[in-house]
Amino acid sequence: DSPMALWHGFWAKREFDKQHYEKAVHQFERALKSSPRSSDGYYDLGTSWMQHGDYDNALASFEKSTPKDSLLKSKVLYNQGNAAFLKQDYEKAVESYKQSLAISPQDKDAKWNLELAITRLKLQKKKQDQDKKSKNKKKEDKSPQGGQGKGKTEAKPASDKEGSSAQDKEAIQKFLQGFNDKEQSVRQRYLRPKVKQTPKVEKDW
């Protein structure tokens, strides 16, 4: 890295440690202007964006980080998984955690987050299926019934299947609420970025 990139990188990490993530982003971007091919720089930028709450920019930065060092690559993929998870892109989160674990199979945090993302993905797909069925049912209810010359259509009693469906929906909602409560505490413990320690920079003057 160029001296200018190291200088901005040093101040960026200082801001990051103070949890001034927007300022850290600004400094990392300035560092990358001096060293545009720095995988470490994009990794740090992505982590700062994620802590700032901008998951789209975080993912874009992680995609540009292609380190040769396997340990750093594993961290990039782990943080990429976290950013995708927080964006509710659970499919990408699962993919990223799996790639991270392929490099660091003993990473307990990545294993836990992978299981969490898989569970979330299943629930997301199940909810999408339910919403689709509900939408189709509304269309059927709006469609005209009966032939010409007929009066009001008699209301049909709810079938056992419809009642069961309502019970299932209620059960899923209760499960989701419990899962969300548990996930909140899990996020605080696990969904944190893996960051490098602030390097000691010796002055040349």
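A polar contact is a pair of N or O atoms within 3.5 Å; within protein, one of them must be able to donate a hydrogen and the other to accept it, and residues adjacent in sequence count only if both atoms are side-chain atoms. Here, one such contact, 3.2 Å long, links the side chains of Asn-113 and Tyr-78.

Some ground rules before we go on. What you're looking at is a predicted model, where local features need pLDDT of at least 70, side-chain atom pairs count only at pLDDT 80 or more, and totals for chains, interfaces and linings use all residues. Residues are numbered from 1 along each chain as its sequence is written, and side-chain values use heavy atoms, with hydrogens and water left out.

**Three residues in their helices**

Helices are DSSP runs (H or I, at least four residues), numbered from the N terminus. Asn-113 sits in helix H7, residues 108–142, and Leu-121 is in H7 too. Lys-73 belongs to helix H5, residues 70–86. How open is each one? The table uses relative accessible area (buried is under 20%, exposed over 50%, partly exposed in between, with a 1.4 Å probe and protein chains only).

| Residue | Relative accessible area | Class |
|---|---|---|
| Lys-73 | 26% | partly exposed |
| Asn-113 | 0% | buried |
| Leu-121 | 15% | buried |

Now for their company, where contact means heavy atoms within 4.5 Å. Setting aside residues up to four places away in sequence, Lys-73 touches Ser-65, Pro-67 and Ile-103. The C-alpha atoms of Lys-73 and Asp-40 are 9.7 Å apart, with their positions 33 residues apart along the chain. Leu-121, again leaving out neighbours within four places, meets Tyr-90, Glu-91 and Val-94. From Leu-121 to Val-94 the C-alpha distance is 8.4 Å, and the two are 27 residues apart in sequence.

**H2 against H3**

Two packed helices are described by the angle between their axes and the distance between the axes. Those axes are lines fitted to C-alpha atoms over the stretch in contact, and angles run from 0 to 180 degrees between N-to-C directions. Helix H2 (residues 21–34) and helix H3 (residues 39–52) have axes that come within 9 Å and cross at roughly 160°. So H2 is roughly antiparallel to H3 (the cut-off is over 145 degrees).

Which residues do the meeting? On the H2 side they include Phe-28 and Leu-32, while the H3 side includes Leu-45 and Trp-49. By class, the contact has eight nonpolar, four polar and three charged residues. Nonpolar covers Ala, Val, Leu, Ile, Met, Phe, Trp, Tyr, Cys and Pro; charged covers Asp, Glu, Lys and Arg; the others, Gly among them, are polar.

How values were computed:
Helix = DSSP H or I, 4+ residues; strand = E, 2+ residues; numbered from the N terminus. Parallel < 35°, antiparallel > 145°, perpendicular 65-115°, else oblique.
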